[in-house]
Amino acid sequence: MSVSVPGLENAGCLMLFGYNPNASHPIVARRVVKAKEKGAKIIVADPRYIETARIADLYLPLNNGSNVAFLNTFANVIVNEGLHDKQFIDEHTVGFDEWWKTIESYTPDRTESITGISPRLMKEAARMYAHAQPSSVLCWGMGVTQQKQNVESIHTLAAIACITHQIAKPNSGLAPVRGQNNVQGSCDMGALPNVFPGYQKVTDAAHRQKFAEAWGVPTEKLSDHEGYKVSNVGHLIEEGRIRAFYNFGEDPLQTEPDTRKLAQQLAALEIFVCQDIFMTQTTAVADVVLPATSWGEHEGTFGACDRTFQRFDAALPPKGECRHDWEIIADLSTRMGHPITYKSTREIWDNELRALWPAAFGATYEKMAGLGHAQWPIPTLDHPGTPDLFLGGKFTTPDGKAHLIAHEYKLPTETPDTKYPLILCTVREVGHYSCRSMTGNCTTLSLLAEEPGFVHINALDAEARGIKQDDLVWVYSRRGKIITRAEVDDRINVGTVYMTYQWWIGKCNDLTIHAVDKRSATPEDKHSACQVELVDDQLWAEQHAHEIYMNLKARMTQESAPQQIAPHQRGDR
Amino acid sequence: MEKHMAVCPYCGSGCKLNILVQDGIVVGTEPLQGITNEGELCLKGLSGYDFLNDTKILTPRVYHPQLRPVKGAPFERVTWDNALNFVAEKLLAVKEKFGPDAIMLTGSSRGAGNEANLVMQRFARACIGTNNIDNCART
């Protein structure tokens, strides 16, 4: 994010594009409400009438899968209405003329049939966004990233902020609000196939030399080419490129697309290691399960969505034989010939991050003690941290300027047809999280709803299929077929059904297409084709749904049953 | 009652909270005046703590290393030495036969924390010799 979470409420306009903070980040949603109370304009562009749409000044119900067409049109209107800042464009951007060659033809009259947005509404929104004082922020989430044209959309979002000069000043710019509590942090830490910690490229020889020296290995030991992305792992196993998979703290058989296919692919591994806190659908098929301490049982630091590092403590001692994640990996590395001998998280932080990433040098454990925090870039010990990026129009490109890039609109990979006439879009809800292994084991949260979960369907689509509220239905796609419950929802659009992510029986990822874009390898989870059908015998369906859920839970218990039998009780292997 | 400072383990908002512990059992959370949450918590921040008590409502915690001695065999609980030597041996065999790029590893963008990711990416790069390290940033 170029802006901080607290800074959002000081903007003059927040435009939420494919982002539903009430479900994904309720505390950010509060900032939107506070911004509104302070006089900010709120624009919501989303196919669903999400909670924030209720308080929006403008609501734009764009069609699913039309993001680039929408954004190109939005940009087109900005220029044709003269809402752009020519001086900022001249001084701080490059490529405007080339960019305009693509954008020029995306007039609102021409794209209305694609986006579903009238020229009048498009112009009103563009004016509201571009004219807002003192700043506007474009906020997005997976409604942008989990689409075929995800990187393309982000290029255009960034271009819109640049041509209007709604970036490069306080509380402005771009807010891609990261989902998981440490997704920004793990990217910052170099848990990415193209960069060392601090986004230092692995293809840069100088960076390789620096890290090789710090790690006490010859420079040529460090790979000089980018690695694979984990969202491609299934196909890579199938092609024989990946033979071993060390999966740490993820449950891909719940959270990755086309999970049934992925399960077959994982079975072909020579060795599949899972390091986790729970028995999950993924750890249940591992060859080795390494038990780690949970959040609450260890200390460390997290990086929030707005680049803020904060410390957290342990509240409980480790249970059973659980060990801290870093201790397990360091022990394994030592056994495999590369000793890692740290004694504390602080030592790791100081040696592996602060010493090797200049922009984080000032992020000391002392600064983050108690309620303290450190927001990078924070290059020196007395630096206050950086809530706003790119102030004054200094961008992080080699020439310091923003490079405007435009793309033509393309259809999603899979579009509805007669056999699969509905779009399936995966979404989140407030009470459960990701694969649900944590929230599903919480007493209060587990009361909110139960398996087999829900498919949200518009009243017209439900009626056409003879489906009533709470009926059990089949949802099927080219990948699979699941049973779930109908939630007839008048806040969603006709022609698209929405399924939340966390249900193990009503599992949307048994249905989603596994298509990823080449650059980011993010799956197109927002756009699969499917059909919904009433289960004829509702009594049978209730029994069936209950039974398969009980069977799944029993399998989890069964796979963890060996936990009760210590090696000495079994006799030494 | 003990109070332990933490950051919420769910979304990326970075809300500071206290974990409340009574006799070794987590009994609640309370919001703190963190930079992003300023004394507020959401439903998950307020109610998402007692998985730490291993309620087994959905699925049990794992407390001991376990492995399948041969592919497809039932799990057996083993010692840490056995488990880590087994993994080391298998990974080295794959590396020997197919090269370091035949091994895929992940960090974790959830409760493990930054330091575990730092060690994991170093293990991938300096020990295995591959950049096949990634995290669940996309889903």
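# Reading contacts, sheets and cores in a two-chain model

In this predicted model, 136 residues of chain A are in contact with 102 residues of chain B.

User: Which element supplies the largest share of the side of chain A that touches chain B?

Analyst: Helix α15 of chain A, residues 325-335, gives the largest share, with eight residues. By residue class, the side of chain A that touches chain B splits into 65 nonpolar, 46 polar and 25 charged.

User: Which strands of chain A and chain B pair, and in which sense, parallel or antiparallel?

Analyst: Strand β9 of chain A (residues 244-248) and strand β6 of chain B (residues 103-106) pair over three bridges, in the parallel sense. To find the register, take A:Y246, whose bridge partner in β6(B) is B:L105.

User: How is chain A divided into domains?

Analyst: Domain 1 covers 6-177, domain 2 covers 183-381 and domain 3 covers 422-561 of chain A. Between domain 1 and domain 3 of chain A, the C-alpha centres are 30 Å apart. Their contact involves 19 residues from domain 1 of chain A and 21 residues from domain 3 of chain A. On the domain 1 side, α1 (21-24), α8 (142-145) and α9 (150-163) of chain A each contribute at least two residues. That side divides into seven nonpolar, 10 polar and two charged residues.

User: In what order do the five strands of the open sheet in chain A stand?

Analyst: The order is β3-β2-β1-β5-β6 in chain A, and the pairing is parallel. At the edges are β3 (58-60) and β6 (173-176) of chain A, each pairing on one side only. From one strand to the next, the twist averages 15°. For a single pairing, look at β5 (residues 136-140) of chain A, joined to β6(A) by four bridges; A:L138 has A:L174 as its bridge partner in β6(A).

User: What does helix α7 of chain A lie across?

Analyst: Helix α7 (residues 119-131) lies across β1 (13-17), β2 (41-45), β3 and β5 of chain A, and runs at about 130° to β3(A).

User: Which residues touch the most other members of the largest nonpolar core?

Analyst: That core has 94 residues, and A:L14, A:M15, A:I43, A:L138, A:C139 and A:I160 touch the most other members. Leaving aside residues up to four places away in sequence, A:M15 touches A:I43, A:A45, A:Y129, A:S136, A:L138 and A:C139. Another core, of 80 residues, lies apart from it and includes A:C274, B:L67, B:V87 and B:F123.

User: How should the two faces of a strand be read, and which residues lie on each face of β20(A)?

Analyst: In a regular strand, side chains alternate between the two faces of the sheet. In β20(A), A:T496, A:Y498 and A:T500 are on one side, A:V497 and A:M499 are on the other, and all are buried. Strand β16 (residues 422-427) of chain A is joined to β20(A) by five bridges and runs parallel, with A:I423 opposite A:T496. Strand β17 (residues 454-457) of chain A runs antiparallel to β20(A), with two bridges; there A:H456 has A:Y498 as its bridge partner.

User: Why does A:V285 count as partly exposed?

Analyst: A residue is buried at 20 or more C-beta neighbours within 10 Å and exposed at 12 or fewer. A:V285 counts as partly exposed because it has 16 C-beta neighbours inside 10 Å. A:V285 sits in the loop between β10 (271-276) and β11 (288-291) of chain A. Not counting residues up to four places away in sequence, A:V285 touches A:A263 and A:L266.

Definitions and conventions
Residues are numbered from 1 along each chain as its sequence is written. Chains are lettered from A and ligands numbered from 1 in the order in which they are written. This is a predicted model: local features need pLDDT of at least 70, side-chain atom pairs count only at pLDDT 80 or more; totals for chains, interfaces and linings use all residues. Two strands pair if DSSP finds at least two bridges between them. Axes are lines fitted to C-alpha atoms, for helices over the stretch in contact, and angles run from 0 to 180 degrees between N-to-C directions. Two residues are in contact if their C-beta atoms, placed from the backbone, lie within 7 Å. Domain bounds come from an automatic or database domain assignment. Ala, Val, Leu, Ile, Met, Phe, Trp, Tyr, Cys and Pro count as nonpolar, Asp, Glu, Lys and Arg as charged, and the others, Gly among them, as polar. A nonpolar core is a set of buried Ala, Val, Leu, Ile, Met, Phe, Trp, Tyr and Cys residues joined through C-beta atoms within 7 Å.
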